[in-house]
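Me: Could you take a close look at one part of this structure for me, the way its helices pack against one another? I'd enjoy a connected account that also takes in the core and a few individual residues around it.

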Amino acid sequence: MTKSILLCGVGGQGTVKASRIIALSGMEAGLNARTAETIGMAQRGGSVVSHVRISDQPIFSPLIPKHTADVLIAFEPAEAVRCIDYVKDDGVIIVNKKAVTPVTASLSGSSYDGTEAIKYLQDNFSHVKVIDGDAICEKCGSDKVLNIALLAGAAASGELGITVDGLKDAIRKQLPQKTHEMNLKAVDIVTEG
């Protein structure tokens, strides 16, 4: 079993932390894991892309070849479209509903709300789950649960390589104790709601 997971978003959304949770969870399950990040001006809202590969076989490269990712976890709709070439035809896409307006759109006065990007994903892929990250963050009392909410959507799909229970164990082991309750609540909202 080999799972290739691509995560994408903008700086500050928790993309890198989410990739590390997946990799460490895989290693704790006795699997091999490799990760690589591409971080472009992340502190200023630039693109962030993380490659995660977990397998019961040796992994020689952390980079995911195009058209082979089992799962795309997108923290932002336009970033999902930008990275869509990595997803295999029957891949699973988990995408946050909220758009982050790029600087170029702000400067030009053009509007961008992510709806066209999400529609494009839904029109071209059969396994797209849209997560209302803002609503989940509001229910949990913190915007810091976004990455866990998206991971919960991916775990629930069965394609992440870790189960929902495995994700909950990872939260307890890898995140500060003071954040456990809100992150576990985010998992429950996504998987039970």
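**Helix packing and the core**

Reply: Happy to. Let's start with a pair of helices in this predicted model: the axes of helix α5 (residues 133–140) and helix α8 (residues 180–192) come within 9 Å and cross at roughly 135°. An angle over 145 degrees would count as roughly antiparallel, so α5 and α8 are oblique to each other. Their crossing is right-handed. On the α5 side, the residues involved are I136, K139 and C140, and they meet M182, K185, A186, I189 and V190 of α8. Sorted by class, this α5–α8 contact has 6 nonpolar and 2 charged residues, with no polar ones.

Helix α8 also packs against α6. The axes of α6 and α8 come within 8 Å, crossing at roughly 45°, and that makes α6 oblique to α8. Here too the handedness is right-handed, as α6 passes α8. From α6, the contact draws on I148, A149, A152, G153 and A156, while α8 supplies N183, V187, V190 and T191. By class there are 6 nonpolar and 3 polar residues in the contact of α6 with α8, and no charged ones. If you want one residue of α8 to keep on screen, try V190: it is listed in the contact with α5 and again in the contact with α6.

For a further pair, turn to helix α1 (residues 15–28) and helix α7 (residues 164–174), whose axes come within 10 Å and cross at roughly 105°. Angles from 65 to 115 degrees count as roughly perpendicular, and α1 and α7 are therefore roughly perpendicular to each other. K17, R20, I21, L24, S25 and E28 are the α1 residues in this contact, and their partners in α7 are G166, L167, A170, K173 and Q174. The class make-up of the α1–α7 contact is 4 nonpolar, 3 polar and 4 charged residues.

Now to the core. The largest nonpolar core has 39 residues, and I5, I73 and L167 are those with the most contacts inside it. Helix α6 (residues 146–157) gives the most to this core, contributing 8 residues. You have already met L167, one of the α7 residues that face α1. As for I5, leaving aside neighbours within four places in sequence, I5 is in contact with I22, S50, H51, V52, I54, I64, V71, I73 and L160. That list includes I73, another of the residues with the most contacts in the core. There is also a second, separate core, made of 15 residues, with L6, A69, A74 and F125 among them.

Helix α6 has one more residue that is worth your time, L146. At 9% relative accessibility, L146 counts as buried. Setting aside residues up to four places away in sequence, L146 touches Q13, F75, N96, G133 and C137. Two of the helices discussed above come together here, since G133 and C137 fall within the residue range 133–140 of α5. The C-alpha atoms of L146 and L7 are separated by 13 Å, and the two residues lie 139 apart along the chain.

Strand β3 (residues 47–55) is a good next stop, and V49 lies in it. With 9% relative accessibility, V49 counts as buried. Beyond its neighbours within four places in sequence, V49 is in contact with L6, L7, C8, A36, E37, T38, R82 and C83. Its C-alpha atom is 8.9 Å from that of E79, a residue 30 places away along the chain.

S50 is found in strand β3 as well, and S50 is buried, with a relative accessible area of 0%. With neighbours within four places again left out, the contacts of S50 are I5, L6, L7, T15, V16, S19, A36 and E37. So the link between S50 and the core residue I5 can be read from either end.

Last comes a residue with a backbone angle to check. H67 is found in the loop between β3 and β4 (69–74). Most residues other than glycine have a negative phi. The phi of H67, by contrast, is near 65°, a positive value in a residue other than glycine. In burial, H67 counts as exposed, at 51% relative accessibility.

Key:
Residues numbered from 1 in each chain as written. Predicted model: local features only at pLDDT ≥ 70, side-chain atom pairs only at ≥ 80, totals over all residues. Heavy atoms only, no water. Core = buried A, V, L, I, M, F, W, Y, C linked by side-chain atoms within 4.5 Å. Buried < 20%, exposed > 50% of the residue type's maximum accessible area, 1.4 Å probe, protein only. Helix = DSSP H or I, 4+ residues; strand = E, 2+ residues; numbered from the N terminus. Contact = heavy atoms within 4.5 Å. Axes fitted to C-alpha atoms, helices over the stretch in contact; angles between N-to-C directions. Parallel < 35°, antiparallel > 145°, perpendicular 65-115°, else oblique. Left-handed = near helix turned anticlockwise from the far one by under 90°. Nonpolar A, V, L, I, M, F, W, Y, C, P; charged D, E, K, R; others polar.
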